[in-house]
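Me: Please take a close look at one part of this protein, the open sheet and the strands in it. Then set that part against the rest of the chain.

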Amino acid sequence: MEPVCLVEPVPSSGALRVNPDALGLLRGLAQPLHVLAIFGPRGTGKSFLMDRLAGQGKGFPRSPGIWVWCMPHLTQPDQALVLLDTEGFPEQEGDETKLSRLFLLNVLLSSVFVYNTRSEDDPQRQLDRLTYVRDLPRVVGVLDECSWENSFLLSSVLPDFVWCLRDVAPDPGLDEVLEATHHELDSALSSPQDSEDSPSSCIQRLFPFRKLFRFCSPPADGGHGEPPAPTDQLHPTFQEQMGRFKDYALSRSPKTVLGNRAVDGAFLADFLEHIVDLLSRDEPVLLSKICSDLQEGNDYFEGYPMDPAGGAPPRRAAACAAQPSVLEPKRERVVPLQASRPAPPVLAQAAPGTAQPGAMEEPMCLIENSPDGELQPNQAALALLQSVRQPVVVVAIAGLYRTGKSYLLNRLAGKDRGGFSLGATIQSHTKGIWMWCLPHPRRAGHTLVLLDTEGLGDVEKGDAKNDAWIFALAVLLSGTLVYNSLGTIDQHALEQLHYVTELTERIKAKAAGEGSRQEREDSAEFVRFFPAFVWAVRDFTLQLELDGREITEDEYLENSLKRREGQPEKLDLPKKYLHQYFPSRKCFVFDRPAPRRDLARLDELPEAVLSPEFLEQARRFCSHIHQQAGTKTLPGGHVVTGTLLGNLAVTYVDAIRSGAVPCLESAVLALAQMENSAAVGEAVAAYEEQLGRRAALPTESLPELLALHAQCEREALRAFMARAFKDEGQQYQRQLKDTLDSQRAELCCRNEEASSDRCQAVLMELSQELEERVCEGSYSVPGGYRRLLDDQREMVERYQLVPGKGIMAAKVLQEFLKSKETVAQAVLQSDQNLTDRQRELEGDSRAGPMVL
């Protein structure tokens, strides 16, 4: 589809109205949505940037309101990409109410919010032009009350904040800092003088995830104005910077609402209508109420297309039939993000000290397979995998033993020597599942995880059930599954792939339910999380021809999977299930890499003696896997890191060892509990670390202390949100809130103790001289009480001038003076007695001598 106007201003009143045609397009999107919105001043190239994200030369018009462009996601086939382009705000003040509402809509609808400006003067000033952010907490809330929980929950549902700073001058130092901090916005800001109400402070307070991407001028000649459309006329540095931004923007999670639930187009359309209605009536936007109203009687979150062909859920079937929709993208046509950029060298060959955490110099056994068929995780490999906090691209290979699986994975790893061990005998060599973690050669910030599985069908093992579990684990753990076989794809080869027909016996999608209905539901769910399927046919000797014409490898595979008339259904089961479970299929055929006599030492042979045809085929295979193998995700679009993958492996293997069938729903639930508990722990640790770094107790006032707590609290929230997922009902967010509330109370107590200790120390020092005078009897004279009061008053004045006493200064002083009242009373009594005695003596002296 072409871009259409989604929200337009009414010329007569300045109010906003929603375009029904655009709502119809949104309601036709049954997949999870990745919504990217852009906002900023006029003339800064917003539409140009969005066109580049869409892979188009020119698409968005320069028109008022918010325009929407719906299309298949470029890298996540199970998601739809929704781009929102908004009119720019003017240099001078304009209709601030309209612009503020457009800003609020951008933020509330998007999963990634892009603020686009030009670096015409001080960049900080450009950031502070986003004054509309001040209205966000005033107009939008989660709960119908003012509380810490309300602001906490609001921050948790706001999108990523990405600042695109355009037409900047080269600054290698700043670029290096941004690269080292993964483009963290805060690393480029230095404005401690900002007030709490400044746009910069509001952004830091409201958006936990903040990024900065800097762009040079797009035209190759460095000029301004309308950038040229052809990519080859763009500045190479701009293309590289655009690639980094595009990688980040398209890799984020889908749009979610409260409860971290991904939404589809029908929900987003209704959500938009509610918000526009509330804004037009100047009523507050309460997200919890809107979500509650929308969910009541609807099934927005019951799942996405369960029909393998991509049909919409039953509730929306009729509506979608009447509305245009975005077709489900085919995996084989996905456009790689880095297609226009040269591939960097394979980082796995870097020096040992330069690799990222979790990178391995050689493979390790991840899941051990004992001689009696008992599977168990290898704790050393598991710990290494769980240390990888990056998203993972998982490629597993399976197939009959002695078919060259390990050698093919070594080619994927870019290794001519070493790597996965190759066997040179008729016996199966690899046992269990071996793992190799490497920096991804095409995706910065991602780890490539290669899984080499034990060869299937080993006659010496004689345990087909064990083979079936190995195959099932390869399916469950991978995002791309490579099936490796020898010769041709014929009936015998398909019969060897009988493991695919047993997957319903080895894997469950849902925890509850039994019988044929549950099997059908599981079968439908498999399509959503099963990996992409690649068939690698080794030692292929036939000509790729059919009915006298040349065919592609993919056509060869699809022709081999066609049902043959008169064929018994039992023989066609592998074809049926390959079609049913793996809608994304790809085929590669390989010549024999070397003469038979040299195959035993294949990993030792230099490339010069290998078959040129094989080398070209292997190059195409590796290029396809590196470019097209997607990031491993869980249902709902949750990106899997190495930590999550390790926990998944443990969960699945434990289920198999207990005699149960691995269940994806149960595994995700257990994973959510583990990860969310760990997220709370990391958040509390981040709070304590920040507190230890920032705290200088005692503080002079309670607001100062609470501001310190709020800063540390925001860092804790960022740490929590970076790891947590599927926190249904905000259970763990509330747990974190309770913990941080306790931390705040404890911090207040510590602050009071520190203040009290400081004040007592000051008073002890200042009163030492006064105490000595009391002990020496300096005040035990007529008029001593007045002198004591004068000295005490002087001590209090000196005490008041001492800095850093904290909030207990007045109370400790009061208690100190009260504790000295007994001494003061004693001095007063002594003073009165001495004064009376002195007066008596003086009276006797005036009376004169006695006459006898």
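Reply: What follows starts with the sheet, strand by strand, and then moves to other parts of the chain.

The model is a predicted one. Its secondary structure comes to 29 helices and 24 strands, and buried residues make up 51% of the 852 residues in the protein. Of the contacts with a separation of 6 or more, 75% are accounted for by residues 24 or more positions apart.

The sheet is open and has eight strands, in the order β14-β13-β16-β17-β15-β18-β19-β22, with mixed pairing. Its edges are β14 (375-377) and β22 (585-589); each has a single partner strand, so one side of each is left without a neighbour in the sheet. From one strand to the next the twist averages 20°.

Within this order β15 lies between β17 and β18. Strand β15 covers residues 392-399. Eight of its eight residues are buried, so β15 is largely enclosed by the rest of the structure. In a regular strand the side chains alternate between the two faces of the sheet. In β15, Val-392, Val-394, Ala-396 and Ala-398 point one way, while Val-393, Val-395, Ile-397 and Gly-399 point the other way; all of them are buried.

The pairing of β15 can be followed on both flanks. With β17 it pairs in the parallel sense over six bridges, and there Val-393 stands opposite Leu-448. With β18 the pairing of β15 is again parallel, over five bridges, and Ala-398 stands opposite Tyr-483 of that strand.

At the β22 edge, the partner is β19 (residues 532-538), and these two strands pair in the parallel sense over five bridges. Phe-533 has Arg-585 in β22 as its bridge partner. Arg-538 lies in β19 by its residue range, and its charged end sits over the ring of Phe-590, 5.8 Å from the ring centre. Cys-587 falls within the range of β22 and, at 1% relative accessibility, counts as buried. By contrast, Cys-775 is exposed, with a relative accessible area of 68%. A search of the whole structure finds zero disulfides.

One helix lies across several of these strands. Helix α14 (residues 405-412) lies across β15, β16 (433-439), β17 (447-453), β18 (480-486) and β19, and runs at about 170° to β17.

Elsewhere, another charged end is placed over a ring: that of Arg-506 sits over Trp-469, 4.9 Å from the centre of the ring.

The aromatic residues give a second view of the chain. The structure holds 30 aromatic pairs. In one of them, Phe-39 and Tyr-132 have ring centres 5.8 Å apart and planes at 90°, so the pair is edge-to-face. Phe-39 belongs to strand β3 (residues 33-39) and Tyr-132 to the loop between α4 (123-128) and α5 (135-139), so that the pair links distant parts of the chain, 93 residues apart. Phe-39 and Tyr-132 are both buried. A further pair is Phe-215 and Phe-238, with ring centres 5.7 Å apart and planes at 50°, so this one is tilted. It joins the loop between β9 (210-214) and α9 (236-251), where Phe-215 is found, to helix α9, which holds Phe-238, 23 residues apart. Phe-215 and Phe-238 are buried.

Phe-39 and Tyr-132 also belong to one aromatic cluster, together with Phe-89, Phe-103, Phe-113, Tyr-115, Phe-161 and Phe-207. Gly-40 is in contact with two residues of that cluster, Phe-89 and Tyr-115. Gly-40 has its place in the loop between β3 and α2 (46-53) and, at 0% relative accessibility, counts as buried. Leaving aside neighbours within four places in sequence, the contacts of Gly-40 also include Lys-46, Glu-87, Gly-88 and Asn-116. The C-alpha atoms of Gly-40 and Val-114 are separated by 8.3 Å, with their positions 74 residues apart along the chain.

A helix offers a case to set beside β15. Six of the eight residues of helix α8 (residues 199-206) are buried, so α8 is largely enclosed by the rest of the structure. The buried residues of α8 are Pro-199, Ser-200, Ser-201, Cys-202, Ile-203 and Leu-206.

Methods. Residues are numbered from 1 along each chain as its sequence is written. This is a predicted model: local features need pLDDT of at least 70, side-chain atom pairs count only at pLDDT 80 or more; totals for chains, interfaces and linings use all residues. Side-chain values use heavy atoms; hydrogens and water are left out. A disulfide is a pair of cysteine sulfur atoms within 2.5 Å. Buried means under 20% relative accessible area, exposed over 50%, partly exposed in between (1.4 Å probe, protein chains only). Two strands pair if DSSP finds at least two bridges between them. Helices (H or I, at least four residues) and strands (E, at least two) are DSSP runs, numbered from the N terminus. Axes are lines fitted to C-alpha atoms, for helices over the stretch in contact, and angles run from 0 to 180 degrees between N-to-C directions. Contact means heavy atoms within 4.5 Å. Rings of Phe, Tyr and Trp (its six-membered ring) pair if their centres lie within 6.5 Å; planes under 30 degrees apart count as stacked, over 60 as edge-to-face and the rest as tilted. A charge sits over a ring if NZ of Lys or CZ of Arg is within 6 Å of the ring centre and within 35 degrees of the ring normal.
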